[in-house]
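These are my notebook entries from a session with the coordinates open. I wrote down what I looked up, in the order in which I looked.

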Amino acid sequence: MTNYIIRRLIIVPFLLMGTTVLVFVMMSFLTPAERSSLYLRDVPRNEAAWDSAIRRYCLDCPIYVQYYRWLVGVPIGGTDEISGGILRGNLGYSRTAHQPVVDLIKQRFPATLELALWAVIPIVGGGVWLGVLSAVNHNKPIDQVARVFSIIGYSFPTFVFGLLVLMIFYAKLEWFPPGRISDWASAIIRSPSFHQYTSLITVDSILNLRFDIFLDALRHLVLPIVTLSYLSWALLLRVTRSSMLETLRQDYVTTARAKGLTEKAVINKHARPNALIPVVTIGGATVVGLLNGVVITETIFDFPGIGSAAARAALQLDVVSVLGFVLFTGLILVLANLLVDILYVFIDPRVILE
Amino acid sequence: MATTTARRDLAGTLDGLPERTIPRLERVLGPEIYRVLRGLATNPLSITGFAIMAFFVFIAVAAPLIAPPLRASSPYTIPRDGYAAIPRAPMSTWNRRQPSEPFWLEPLTGSTEWIHPFGTTAGQWDIFYGVVWGTRTAFRVGLIITGATLLVGIVVGVVSSFYGGVVDNILMRITDVFLTFPFLMAALVLAAILTPMFGKSTVPATVAMIVFGWMGFARLIRGDILSIKERDYVMAARVIGAKDRRIMFRHILPNAIFPTLVVASMNLGDVVIIFAALSFLGVGVELGYADWGQLLSFARDWITALDTYWYIVVFPGLALLFFVLSWNLVGDAVRDIFDPRMRGRGGA
């Protein structure tokens with residue numbers, strides 16, 4: 001087992017390395033001028049400034065030289081300062097947001113994290129519940145209804161569903177507004193008396209004992225969460241259902257029934273925990289789904305996270321920022337998958353690793 | 001033919017079971033494909049799916065008759081009725097630059113005045129026209145992207161499993177790297193990079209989705225080839241001295257490719273969703289191109305008044321939903337048929 005984990009850990013740097021290469025290959029389709037925002041905050045204004053920028057940052061060098069410089073940065077002549085260098089945490093400058101991409105991520109990521117953390121609860125809870133329900137009532141009407149319900153959810157384009165719920169619950173009923181927080185609450189949050197411990201508004205507001213703000217933030221979260229979870233249930237339902245069906249046919253379930261346990265005890269204590277093991281493997285896929293989902297969900301609900309920032313930057317062809325976001329989300333994905341793989345070994349003792 | 005007889009004899013003598021007559025269709029198609037087709041033809045969900053699919057095929061084929069274009073040379077350009085910013089409700093009449101009336105207008109409505117059956121978006125693009133011709137865009141984009149990703153996936157999978165060893169290792173690690181990106185974001189950025197080169201058209205999003213879409217197929221076909229490689233008949237072919245290449249293309253690939261083909265064809269719905277999403281986010285087609293994603297993006301300017309201008313969302317949204325749903329209904333049935341745990345249980 002230790003061997004497996006070590007081997008799995010060794011792969012990670014290579015994977016990340018490959019990721020940076022792929023991002024840089026995409027970068028090399030840009031003109032040297034566009035690439036200059038990797039190192040420069042402001043776009044040079046005249047011809048001479050262009051030439052000096054291109055020469056200084058070696059933007060017309062061979063690609064491997066540029067790649068190396070992109071990784072470690074370019075020393076600015078005469079000073080100790082180094083410009084750029086993703087390994088130093090510098091992803092370049094966003095042309096459209098007029099700030100370093102890293103700052104933009106730092107500023108935007110808490111919103112996305114907050115949305116994702118809240119969305120995970122109904123996604124996993126609802127998906128597993130529906131899957132178990134479906135399997136226990138195999139081929140009965142409730143099973144068919146749950147499956148059709150999930151197929152429709154799976155087929156619903158995120159933006160169509162999002163626009164429809166906005167149409168009903170915002171434009172028509174005015175229950176849940178878009179955005180992350182109301183203006184009055186936003187003013188309080190920015191005021192010095194409100195301590196921002198985590199940048200997650202729901203958590204901070206409780207720590208500050210401002211429950212009105214907590215409720216306001218929650219009210220803004222409802223529609224994005226509903227959208228994300230309805231569209232994610234299908235996969236979880238399918239995996240839970242087929243795994244549960246498989247488990248219900250195992251000998252130990254028959255044994256449990258034979259010794260006279262109630263059906264409820266058989267399902268809740270004997271079958272379900274074992275059936276949930278394969279569900280963990282799709283944890284990685286769920287994270288991917290969430291990261292894909294937030295791009296559209298945040299755009300529609302005007303939620304200021306990295307998804308909507310990436311979409312806006314892409315629309316304005318601010319490629320350096322979007323590639324920064326892509327690199328960042330890629331990193332999250334690699335780590336999430338690593339975590340899932342390692343967790344799996346601990347959860348299921350039957351897994352024998354070569 | 002020889003094998004069918006042999007099997008029948010075996011069944012008859014060994015178990016004393018009644019002889020199973022093998023339908024002619026099964027003999028022609030082989031047992032596996034026959035089983036899938038029979039499963040699809042008897043499942044109500046997949047039948048519904050096929051019916052909706054057939055409807056969309058009809059719309060796509062008959063588009064010039066259902067919604068005649070303004071200029072036959074550029075049918076994908078949605079005709080616009082002026083430039084006013086306020087959308088107009090369904091059934092309102094054309095004011096200017098009206099295309100010719102379709103054949104069904106008079107028999108169905110009794111009037112010869114051409115209307116906007118689904119209303120117009122901001123900027124007066126006709127929604128009905130966009131939905132009808134958008135069906136063609138959806139099929140075209142879906143087929144091109146699915147075909148291309150399938151091709152790339154098969155090439156990578158075959159090369160990987162054929163050569164094995166270092167080649168396999170390198171190709172699979174490259175596949176892993178491509179998989180580290182969330183698909184939508186990766187496609188979004190690549191489309192944004194390609195837009196200045198190709199201009200606003202279907203090309204950038206299509207290319208972007210191909211570049212980041214092939215990995216699943218490569219893995220799938222590689223796995224199937226690796227398992228089929230160990231079968232007895234491959235060994236037999238090797239024993240009689242068949243060359244590697246011949247074994248690969250005559251014996252292994254035809255047997256391994258079927259599941260990948262099915263998965264790929266069922267993937268078309270997802271492809272259309274993502275393409276529409278890119279279009280919706282603004283890195284897809286040019287303004288006024290008949291595409292469902294773009295029609296929906298017009299709704300973004302009217303979020304606060306969507307209850308009044310519901311038709312911008314509802315008509316293209318339903319078209320997209322039902323298109324994708326038809327594919328997923330069939331796909332779900334296929335998945336059940338392929339699930340080995342469900343085999344021989346008459347589906348689920």
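**Entry 1, the core.** I began with the largest nonpolar core of this predicted model, and I found that it has 178 residues. The residues with the most contacts inside this core are Leu163(A), Ala310(A) and Val322(A) from one chain, together with Ala187(B), Leu188(B) and Val189(B) from the other. I noted beside this that nonpolar side chains tend to be buried together in soluble globular proteins.

**Entry 2, Leu163(A).** Which residues is Leu163(A) in contact with, once its neighbours within four places in sequence are left aside? I listed Ile300(A) from chain A, and from chain B I listed Leu296(B), Ala299(B), Leu306(B), Val313(B) and Gly317(B).

**Entry 3, the helix α7(A).** I then turned to α7 of chain A, which runs over 158-172, and I looked up which of its residues are buried. Leu163(A) is one of them, and the others are Thr158(A), Phe159(A), Val160(A), Phe161(A), Gly162(A), Leu164(A), Leu166(A) and Met167(A). The cover over these buried residues includes α10 and α14 of chain A, and from chain B it includes α14 (268-281), α15 (292-297) and α16 (310-338).

I also checked the length of α7(A) against expectation: at 1.5 Å a residue its 15 residues should span 21 Å, and the end C-alpha atoms are 20 Å apart, which agrees. I recorded as well that α7(A) has a kink of about 30 degrees, centred on Leu166(A), one of the buried residues.

**Entry 4, positive phi.** Most residues other than glycine have a negative phi, and I therefore wrote down the exceptions that I looked up. Glu174(A), just after α7(A), takes a positive phi of about 60 degrees, and its place is in the loop between α7 and α8 (183-190) of chain A. Is Glu174(A) buried or exposed? I put it down as exposed, because it has 10 C-beta neighbours inside 10 Å.

Asp302(A) likewise is not a glycine and has a positive phi, of about 55 degrees. I found Asp302(A) in the loop between α14 and α15 of chain A, and with 16 other C-beta atoms within 10 Å it is partly exposed.

**Entry 5, the interface.** How many residues of chain A are in contact with chain B? I noted 46 residues of chain A, in contact with 46 residues of chain B. The elements of chain A that give two or more residues to this side are α1 (2-27), α6 (141-155), α7 (158-172), α10 (211-248), α14 (283-300), α15 (306-315) and α16 (319-347). By class, I recorded 34 nonpolar, 10 polar and 2 charged residues on the side of chain A that touches chain B. For the complex, the predictor gives an ipTM of 0.85 and a pTM of 0.86.

**Entry 6, chain B.** I closed with chain B, which has 16 helices and 2 strands and whose C-alpha trace spans about 80 × 50 × 35 Å along its principal axes. Of its 348 residues, 42% count as buried, and of its contacts with a separation of 6 or more, 70% are between residues 24 or more positions apart.

The average pLDDT of chain B is 84, and 92% of the residues score at least 70. I marked two stretches of chain B where pLDDT stays under 50: residues 1-6, with 2 contacts beyond four places in sequence, and residues 342-348, with 9 such contacts.

Terms used:
Residues numbered from 1 in each chain as written. Chains lettered and ligands numbered in written order. Contact = placed C-beta atoms within 7 Å. Nonpolar A, V, L, I, M, F, W, Y, C, P; charged D, E, K, R; others polar. Buried ≥ 20, exposed ≤ 12 C-beta atoms within 10 Å, placed from the backbone. Core = buried A, V, L, I, M, F, W, Y, C linked by C-beta atoms within 7 Å. Expected span 1.5 Å × (residues − 1). Bend = angle between axes of the 7 residues up to and from the residue. pLDDT = per-residue confidence, 0-100.
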